[in-house]
Amino acid sequence: MIEVSFSEVYNLLAAPKATDLDDGVVRFDEDSDIADTIGAALERRYREEFRSWNWDLARTSAQEVEGDDGDRYAVAYLGSVFNLTPSGKVYAPWTTNQTAWDVFRDCIWWEVLEAHLETLGAFVFTDDCGDGDGVRVAWHLGRADDDDDDGDDGDDDGEVRLD
């Protein structure tokens, strides 16, 4: 069961159709029509947000690194989950301060971010060391051993890279 303040739902939808309203809290199941409506409103909000970000700056300021797979990537730091995600929380097994509303919003935020970055030929990942709160974006540049840019994709199969 997801609980969220009526004012937050009202701000998202302007006129919610909630049947279970008590003490200024809207309650709804994740598979309900209102969840779909609120989810769609959040998706629109997050799409607008990501369209406004300066992805060209992120791309031009990205550092080139070699991945564990031997490929080259351009990687840029976007920020911390504490200031990027709607809940501003890190999810860990020992934490108890996440609400269903936090999870609902954050899941939609991550899905919309991943979809947006896919249109840019990029992907998002979080740091897997330290606090794990860093959010980074990466663009795949190619094989690390393919620096000659002669069009050969580097695997001796006769294929030519067209990019």
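Modeller: The expected span of a helix is 1.5 Å times one less than its number of residues. The model discussed here is predicted.

Colleague: How far does helix 2 reach from its first C-alpha to its last?

Modeller: Helix 2 covers residues 33-52, which makes 20 residues. At 1.5 Å a residue the expected span is 28 Å. The reach in the model is close to that, at 29 Å.

Colleague: What arc around the axis do the buried residues of helix 2 cover?

Modeller: Buried means under 20% relative accessible area. In helix 2 this applies to Ile-34, Ala-35, Ile-38, Gly-39, Ala-41, Leu-42, Tyr-46 and Phe-50. They sit on the same side of helix 2, because the arc they cover around the axis is only 165°.

Colleague: Which exposed residues does the face turned away from the buried side of helix 2 carry?

Modeller: To count as exposed, a residue needs over 50% relative accessible area. On the face of helix 2 turned away from its buried side, the exposed residues are Asp-33, Glu-48 and Arg-51.

Colleague: Which helix gives the most to the largest nonpolar core?

Modeller: In soluble globular proteins, nonpolar side chains tend to be buried together. The largest nonpolar core here has 28 residues, and Phe-28, Trp-101 and Phe-104 have the most contacts inside it. Elements that each supply at least two residues of this core include strand 1 (2-5), helix 2 and strand 7 (134-143). The most, 7 residues, comes from helix 5.

Colleague: How far apart are the end C-alpha atoms of helix 5?

Modeller: Among the buried residues of helix 5 are Trp-101, Phe-104, Ile-108, Trp-109 and Leu-117. Helix 5 has 20 residues, so at 1.5 Å a residue it should span 28 Å. The separation of its end C-alpha atoms agrees with this, at 29 Å.

Colleague: Which strands stand at the edges of the open sheet of 4 strands?

Modeller: The order of the strands is 4-5-7-6, with antiparallel pairing. Neighbouring strands are turned by 40° against each other on average, direction ignored. Two strands have a single partner strand each, so one side of each is left without a neighbour in the sheet. These edge strands are strand 4 (63-66) and strand 6.

Colleague: What is the bridge partner of Phe-123 in strand 7?

Modeller: Strand 6 and strand 7 pair in the antiparallel sense, over 5 bridges. In strand 7, Phe-123 has as its bridge partner Ala-138.

Colleague: What angle does the direction of helix 5 make with that of strand 6?

Modeller: Helix 5 packs on the sheet and touches both strand 6 and strand 7. Its direction and that of strand 6 make an angle of about 145°.

Colleague: Which residue takes a positive phi in the hairpin of strand 4 and strand 5?

Modeller: Strand 4 and strand 5 pair in the antiparallel sense over 4 bridges, and Gln-63 has Val-75 as its bridge partner in strand 5. Between the strands the hairpin has 4 residues. The positive phi, near 85°, belongs to Gly-70.

Colleague: Which residues does Glu-8 touch, not counting those up to four places away in sequence?

Modeller: Glu-8 is found in helix 1 (residues 6-13). With a relative accessible area of 27%, Glu-8 is partly exposed. Not counting residues up to four places away in sequence, Glu-8 touches Trp-101 and Arg-105.

Conventions: Residues are numbered from 1 along each chain as its sequence is written. This is a predicted model: local features need pLDDT of at least 70, side-chain atom pairs count only at pLDDT 80 or more; totals for chains, interfaces and linings use all residues. Side-chain values use heavy atoms; hydrogens and water are left out. Buried means under 20% relative accessible area, exposed over 50%, partly exposed in between (1.4 Å probe, protein chains only). The arc is that of the directions from the helix axis to the C-beta atoms. A nonpolar core is a set of buried Ala, Val, Leu, Ile, Met, Phe, Trp, Tyr and Cys residues joined through side-chain atoms within 4.5 Å. Two strands pair if DSSP finds at least two bridges between them. Axes are lines fitted to C-alpha atoms, for helices over the stretch in contact, and angles run from 0 to 180 degrees between N-to-C directions. Contact means heavy atoms within 4.5 Å.
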